[in-house]
Amino acid sequence: MDYEKLLSFKYLKVRPCKEIKGSVSVSGAKNSALPLLAASLLTEEVELTNFPVLLDTLYALKILQALGKEIALSGNSVRIEGKISSVKVPFELSSLFRGSILFLGGLLGATGKAEVTYPGGCSIGSRPIDQHLKFLEALGADISVESGYIKVKLPSEPAVREFTFDVITVTGTENALLTLVRFKGEFELHNVALEPEVIDLIEFLKKLGVEITFKGRSIRFYVPPNGLKKGKVLHKVIPDRIEAGTFLVIGALLGNPLKVKNLEPNHLEAVISKLKEVGVKLKIQKDSVEVYRKEPLKAITLETAPYPGFPTDMQAQFMAMLSVAKGVSVIVENIFENRFQHALELSRMGADIEIKGKTAVIRGVKKLIGAPVNATDLRASASLVIAGLIAEGETTIYKIHHLLRGYEKIDEKLNSLGCEVFLGKT
Ligand code: EPU
C-alpha cells in the first residue's frame, strides 16, 4: 500500500492543452468505496472490485489494518478478511480524511462499540457531526469524550425505532445505516441522503441480508430475526460520478470529442443538464458520454443541492469552466459555507470572480494565464487542473495531495489523452 509515494508529490505542473480527442475510463467512486470499507467490518470476508486506489481509500485500508483486518490489494480489487481486534480508530489516521468518520458506524454495527476522533479532511467549512451523534443519542447510546476520543457504546436494544435527521447528511445517513445492522427488527429513518453512494452501501447491506425499502426521503430498515448472513460478500463499487463530471467539464472545453467511459449517466443528470445549458453537445450512451467542445460557452446560473440536485463536489470544476464562458454566471453554494477558496486561486490566473456570502458571480474572460497556485481542497484542486489545461502558459499546482486524495491516476489519464501534466517532488 504505497500511500507514502502518493504523499511524496508536492506539486502538479499543467501545460496548456489545445484539444483532446480520445477516451478516458472513470474509476470506482471514492465516496462509495469509503462506506463500503467501513461496512467490511460487518462480516468476515469482503471483496470489492472497481476499487479506486487513491490517498483516502489507502488511508481507510490502514484504518482497517489497525482494527485487525487483513488486506490484500491487487490492482483495483481489494479483499478484506479477518476479525476485529480493536475498536479504536487511531487519531493519526482518522485526522487525515473526513470519510474516517464512517468507521464509527462500521464499528458500532459490527461490535456495538467504537472510539473515534473528530474527522479531518477538506477545509470547506465547519463540517459538524452533530447529526451522527444525535442519532446515536436517540438510540440510547452511551457517549463520552476521553483523551480526545469520542467513545460510544450502543445499548442492547434501541431506545427508539424511528429517527429524523434535521439536515440531509451523506455520511450521517451512511453511519446510521451501518449502525442499525446491530439491531434485529424494524427501524425507520427520515430525511435521509439519497446520493448514489448511499444507495451503493444499501445494495451492499442487502447482500448481508438486511431488507431496505424507500419512500421519498424515508428508509425502512429491517434486520431479520436470524441476523446477518455469513460468508463472503463480493461487491463492485459504482463509477465515480464526480470524476466523470470533472472529465465531462474538460471535454466541454477541449473535447474533439472526449468520450468518458465506465460511468452511470443517470447519476449525472444534474451535471449533464447544466452542460447542455452551457451549450456543449453530448452523446449519451448506456455507460459512456461523449462530449464535444464548444466555443464560446454560455454563462449559466446554478446552485448546489443534495442529490438529485447539482453536486457541491462539481461546483469548483464548473467555476473554472464558467470563468471563460461568455457573459456573467452565478453559482450559489448551499451545502458548505466555505467552499469558494478556489475562486481566489482562479482569480490569480486571470478569472473575474466576485464572492458575496454563498454566491459567486463569474464574469467570463477571454483567457486564463498559467500561474503558481495552491490546491485548497480536493475539488478545488480539480478546478485548477482544468484552469491549467485551458490557460496560456504553464500552471504549477502546489499542495497537490488534495487532488491525489480523490482522483486515481489523474496524471496518467490526462497524459494518455495527449495533455502534459507532471507530478513533482521538489
Ligand atoms: N451537517 C451538519 N451536521 C452533521 C453533518 C452534516 O450540519 O452532523 C451539514 C454539513 O455541515 C453540510 C451538510 O450538512 O452543510 C452536508 O454535509 P454532509 O454530511 O452531507 O457531508 P459529508 O457526509 O461530510 C459527503 C462527501 C463529500 C460531499 C458531501 C456532500 C464523503 C466521504 N464525503 O460529505 O465529499 O461534498 O457529502 O455531498 O462521502 C469530496 O469528495 O470532495 C467531498 C467533500
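**Close-up views of a predicted model**

**View 1. Strands β14 and β16 run antiparallel to each other.** Strand β14 covers residues 255-261 and strand β16 covers residues 288-292; four bridges join the two in the antiparallel sense. The structure shown here, as in every view below, is a predicted model. One of the pairs across these strands is K259 with its bridge partner E290, which belongs to β16. Strands of a sheet are held together through hydrogen bonds of the backbone, and the pairing can be parallel or antiparallel.

**View 2. An open sheet contains four strands.** Reading across the sheet, the order is β2-β14-β16-β15, and the pairing is mixed. The edges are taken by β2 (20-25) and β15 (281-284). Each of these two strands has a single partner strand, so one side of each has no neighbour in the sheet. From one strand to the next, the twist averages 15°.

**View 3. Helices α9 and α10 pack on the sheet.** Helix α9, made of residues 241-254, lies across β2, β14 and β16. The direction of α9 is at about 170° to that of β14. Helix α10, residues 269-278, touches β15 and β16. Its direction makes an angle of about 145° with the direction of β15.

**View 4. S288 is a buried residue of strand β16.** S288 has its place in β16. Is this residue buried or exposed? The relative accessible area of S288 is 3%, and because a residue under 20% is classed as buried, S288 counts as buried. Apart from neighbours within four places in sequence, S288 is in contact with K259, V260, K261, L263 and K283.

**View 5. Strand β8 pairs with both β6 and β7.** Strand β6 (residues 113-116) and strand β8 (residues 149-153) pair in the antiparallel sense, with four bridges. Strand β7 (residues 142-146) and β8 are also antiparallel, with five bridges. K153 in β8 stands opposite K113, and K153 is the bridge partner of D142 as well.

**View 6. Two residues separate the strands of the β7-β8 hairpin.** S147 sits in the turn of this hairpin, in the loop between β7 and β8. What is the phi of S147? Phi is near 45°, which is a positive value in a residue other than glycine. S147 is exposed, with a relative accessible area of 74%.

**View 7. K409 also has a positive phi.** The phi of K409 is near 45°, and K409 is not a glycine. Where is K409 found? This residue belongs to the loop between α14 (401-404) and α15 (410-416). K409 counts as partly exposed, with a relative accessibility of 46%.

**View 8. Cis peptide bonds precede P257 and P308.** N256 and P257 are joined by a cis peptide bond with an omega of about -10°. P257 has its place in strand β14. Another cis peptide bond joins Y307 and P308, where omega is about 10°. P308 lies in a loop, between β17 (301-303) and α11 (315-322).

Note on methods. Residues numbered from 1 in each chain as written. Predicted model: local features only at pLDDT ≥ 70, side-chain atom pairs only at ≥ 80, totals over all residues. Heavy atoms only, no water. Pairing = 2+ DSSP bridges. Axes fitted to C-alpha atoms, helices over the stretch in contact; angles between N-to-C directions. Contact = heavy atoms within 4.5 Å. Buried < 20%, exposed > 50% of the residue type's maximum accessible area, 1.4 Å probe, protein only.
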